[in-house]
Amino acid sequence: MKVDDLLNVPQFSLDQAEKDKAMLVLMKGLHEHHVANSVAYKEICTRVFGTKVDFKTLEDLPFIPVSAFKNHQLMSINEGDIFKVLTSSGTTGQSVSRIYLDKDTARLQSVALSKIISHVVGPQRLPMLVIDSKAVFENKLSFSARGAGILGLAPFGKDHTYVLNENFEPDEAVLKGFLEKYDGQRIFIFGFTFMVWQFLQKANFDKKYDLSNAILMHSGGWKKLIDRAVDNATFRLKLKEKFNLEHIYNYYGMVEQVGSVFMENQNGYLHAPNFADVIIRNPVDFSVQPIGQPGLIQVISALPISYPGHSLLTEDIGVLEGVDDSQGGWKGKYFRILGRAKKAELRGCSDTFNK
Amino acid sequence: MNALKLNQYTPHSVSILCTELSCLVAKNYDLRPFDSRTIDFLDGLSKLILGDKAINRRPEMAALGFWLRKAQLKKMMVEQEQLLNNPQFKVAPIGKVFHICPANVDTMFMYSMVVALLMGNRNILRISKRMDAPHVLSLFDKLNLLLEAEEFTLFKDYINIISYDHNADISNYLSTGANARLIWGGDSTIKTFQSFEKAPRTKDIVFADRISMMILDSEKILSCEGKAWDELLRNFYNDAYTFDQMGCSSPQTIYFLGLHQYCEQARIKLSKGLQEFLLAEYENDVSSLASLKLNRMVDDALEGKILNQSGNNLFKLLQLVEISDSNSLHGCGGGYFYFKDCNKIKDMVALNVPKVQTVSYFGLSHDDKNELMKLAYGEGIDRIVKVGNALNFHYIWDGYNLFQELSRKVYIE
């Protein structure tokens with residue numbers, strides 16, 4: 001069993017039983033690989049998860065908190081084999097995650113991403129509208145997440161058009177020009193969720209453009225929109241009302257597991273691809289939550305070879321909605337994100353001045 | 001001049017220049033140490049607190065109310081006999097005391113003030129703007145109400161409760177005007193305030209970052225049943241969880257005393273009992289606690305501090321490696337306890353470091369306590385108290401007798 005076996009069959013096609021079987025073999029192998037090649041991973045496993053290595057199911061796999069990549073250098077390769085270092089977006093003052101890739105892992109990531117995206121967009125490169133600014137590549141602070149997102153998806157489009165100018169102001173002429181040119185045709189739209197809302201859904205047009213054949217892919221989280229009382233259902237509804245836009249795909253991914261993308265389909269739930277999975281954990285004792293019970297989201301991916309990021313506990317809270325029975329025939333687990341665990345606010349004695 | 005404006009809550013609510021504070025303007029010192037008028041004033045406050053149903057159900061408010069009763073104050077006076085009636089000297093106030101109060105303990109500013117007031121000092125208390133909980137605001141109201149009574153108006157020149165945003169000019173002014181500063185709030189606050197100007201004779205009484213420990217006799221844990229057991233769980237909870245385990249006096253490390261197999265069983269029993277108790281009682285966002293603790297466990301594992309972990313995300317136990325430095329043993333809070341098994345108190349030499357403040361205990365014999373006291377004859381351990389009393393204020397704090405510290409001894413021939 002190799003990860004390529006899971007990449008090369010159509011995504012979202014394996015039912016959970018098949019997938020569990022295949023993933024268990026791969027993940028056991030990855031675990032052993034990281035134990036052998038990352039002292040840090042081995043220490044974490046021994047001291048936090050005990051020495052048990054007899055996995056009966058994927059649920060027995062140790063999980064590392066995503067923040068560990070901020071505080072520690074975690075890799076399973078020699079420094080000489082580092083091909084690329086990915087960093088997470090962090091607002092000023094926050095530490096950033098550093099993810100070390102070798103050529104193999106980088107290749108797997110890009111193959112995996114391509115398999116998932118082409119599953120949704122199709123094999124042809126479509127005219128691509130980017131709800132962002134080209135300047136995002138120049139701005140070192142905001143580059144990492146947004147820039148990487150765009151760069152990752154750009155190969156799936158052509159005639160790339162950015163709707164924000166260099167100063168991150170909406171350029172209506174550009175937006176209208178693009179929509180006019182491709183009105184009613186198959187196009188690919190990409191942007192961060194909040195920006196899609198702000199600069200596409202809320203843009204003023206003289207006429208109604210027809211985006212019924214367009215495919216919108218968006219990501220980046222709901223926090224800013226939830227503050228404005230916009231949830232996924234509203235988001236989808238408003239875009240449908242305004243543009244007849246129906247092919248909307250939110251996705252969930254993180255720099256710590258690039259390529260391993262959980263994709264939304266028409267039902268509005270996120271789906272695990274063949275080579276990745278999700279487990280919802282009870283925050284009290286990390287036991288596994290059944291369908292319908294919210295908890296912290298653990299993400300599992302067969303891609304990370306150069307760094308021990310194959311099993312991560314996120315700080316996101318989600319709920320499993322079902323397994324193998326999604327509308328549209330996508331197999332495996334599907335889930336929903338409810339929010340993010342708050343930063344713990346614990347008051348201490350060192351707590352008087354300047355606050 | 002606006003730069004010197006601050007908010008005053010007591011004696012009445014007003015925006016005021018720091019140069020106008022009544023404690024700084026007033027000249028005469030009318031109150032003697034443990035003046036009967038001060039005792040009446042505080043007893044009056046006690047009655048107002050204990051009589052207010054809206055706040056007296058809060059344990060910290062009730063504790064404050066009881067602590068302020070006349071009988072309790074008289075008891076403290078008797079305990080200060082050596083200080084108050086000493087043939088070698090007379091005792092006098094130190095003068096104007098500037099209190100920099102902690103934000104985490106809602107009632108701490110009151111204890112700080114009362115000790116100083118009992119010695120006849122004037123008090124300027126800087127409190128955090130975040131202390132805006134209804135029960136805290138209600139304390140200001142009660143003080144202000146009492147200060148309006150004719151017999152207590154003189155106390156208006158003795159109590160100024162204020163707040164202001166970080167402002168070096170105000171801090172310089174108040175520090176220079178003060179005869180003593182009580183600096184709560186740990187290392188960083190102390191550092192900040194020591195950078196301000198002060199008079200050469202201004203005395204600083206500082207409360208630095210400290211860590212605290214707990215010693216549990218394993219056999220006593222195992223034999224504890226029924227009501228006593230419930231009480232122990234409640235006491236443990238009060239010590240550790242009241243301030244999310246982040247108070248200086250909240251235990252960070254638990255020493256299980258006894259033979260290894262008893263320690264093991266005691267841990268299992270305690271874990272089970274506390275986990276059930278916490279599920280019902282501890283209100284916190286457990287998802288954030290789970291992330292916080294997992295992150296800390298990874299850090300501790302990679303720093304080689306811990307051998308293993310057990311328990312759940314409400315009560316987490318981390319076994320320490322054999323040799324560990326007590327100075328650095330501060331967990332992430334919210335129920336994250338390092339532990340060690342120990343056969344004898346004597347072996348707990350790690351406790352004998354300046355950083356250790358409180359050692360709370362359960363089930364220790366008289367001999368054990370003597371051994372513990374021997375450990376305190378070193379550089380650390382300022383308090384040895386029963387489990388359940390770790391957070392209780394006492395005028396002996398951090399190695400100081402605050403009545404002593406806040407008074408002058410006048411030599412008269």
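This passage describes a predicted model containing chains A and B, with attention to confidence, domains, one helix, the contact between the chains and one buried serine.

The predicted model scores ipTM 0.90 and pTM 0.90. The mean pLDDT of chain B is 94, and 100% of its residues score at least 70. Among the elements of chain B, the lowest mean pLDDT, 88, belongs to helix α3 (residues 53–56), whereas the highest, 98, belongs to α11(B).

In chain A, two domains are assigned, of which domain 1 is made up of two segments, 3–102 and 270–340, while domain 2 covers 112–251. Taken over C-alpha atoms, the centres of domain 1 and domain 2 of chain A are separated by 28 Å.

Helix α13 of chain B comprises the 22 residues 260–281, for which a rise of 1.5 Å a residue predicts a span of 32 Å; the end C-alpha atoms lie 31 Å apart, in agreement with that expectation. Its buried residues are B:C263, B:A266, B:R267, B:L270, B:L274 and B:L278. Viewed down the axis of α13(B), these buried residues fall within an arc of 105°, and they therefore line one face of the helix. Such an arrangement can be read against the geometry of an α-helix, in which there are 3.6 residues a turn, so that residues three or four places apart point the same way. The face of α13(B) turned away from the buried side carries the exposed residues B:Q261, B:K272 and B:A280. The cover over the buried residues of α13(B) includes the strands β9 (211–217), β10 (251–257), β12 (316–320) and β13 (336–342) of chain B, together with the helices α11 (218–223) and α12 (226–241).

The contact between the two chains draws 45 residues from chain B and 33 residues from chain A. On the side of chain B that touches chain A, α10 (186–194), α14 (286–302) and β11 (306–311) each supply at least two residues, and α14(B) gives the most, with 14 residues. By character, the residues on this side of chain B divide into 20 nonpolar, 19 polar and six charged.

Elsewhere in chain B, B:S46 is placed in helix α2 (residues 36–50). Because 21 other C-beta atoms lie within 10 Å, B:S46 is classed as buried. When neighbours within four places in sequence are left aside, B:S46 is in contact with B:G65, B:L68 and B:R69. The C-alpha atoms of B:S46 and B:Y9, which are 37 residues apart along the chain, are separated by 19 Å.

Conventions: Residues are numbered from 1 along each chain as its sequence is written. Chains are lettered from A and ligands numbered from 1 in the order in which they are written. This is a predicted model: local features need pLDDT of at least 70, side-chain atom pairs count only at pLDDT 80 or more; totals for chains, interfaces and linings use all residues. Domain bounds come from an automatic or database domain assignment. Helices (H or I, at least four residues) and strands (E, at least two) are DSSP runs, numbered from the N terminus. The expected span of a helix is 1.5 Å times one less than its number of residues. A residue is buried if 20 or more other C-beta atoms lie within 10 Å of its own, exposed if 12 or fewer, and partly exposed in between; C-beta atoms are placed from the backbone. The arc is that of the directions from the helix axis to the C-beta atoms. Two residues are in contact if their C-beta atoms, placed from the backbone, lie within 7 Å. Ala, Val, Leu, Ile, Met, Phe, Trp, Tyr, Cys and Pro count as nonpolar, Asp, Glu, Lys and Arg as charged, and the others, Gly among them, as polar. pLDDT is the predictor's confidence in each residue, from 0 to 100.
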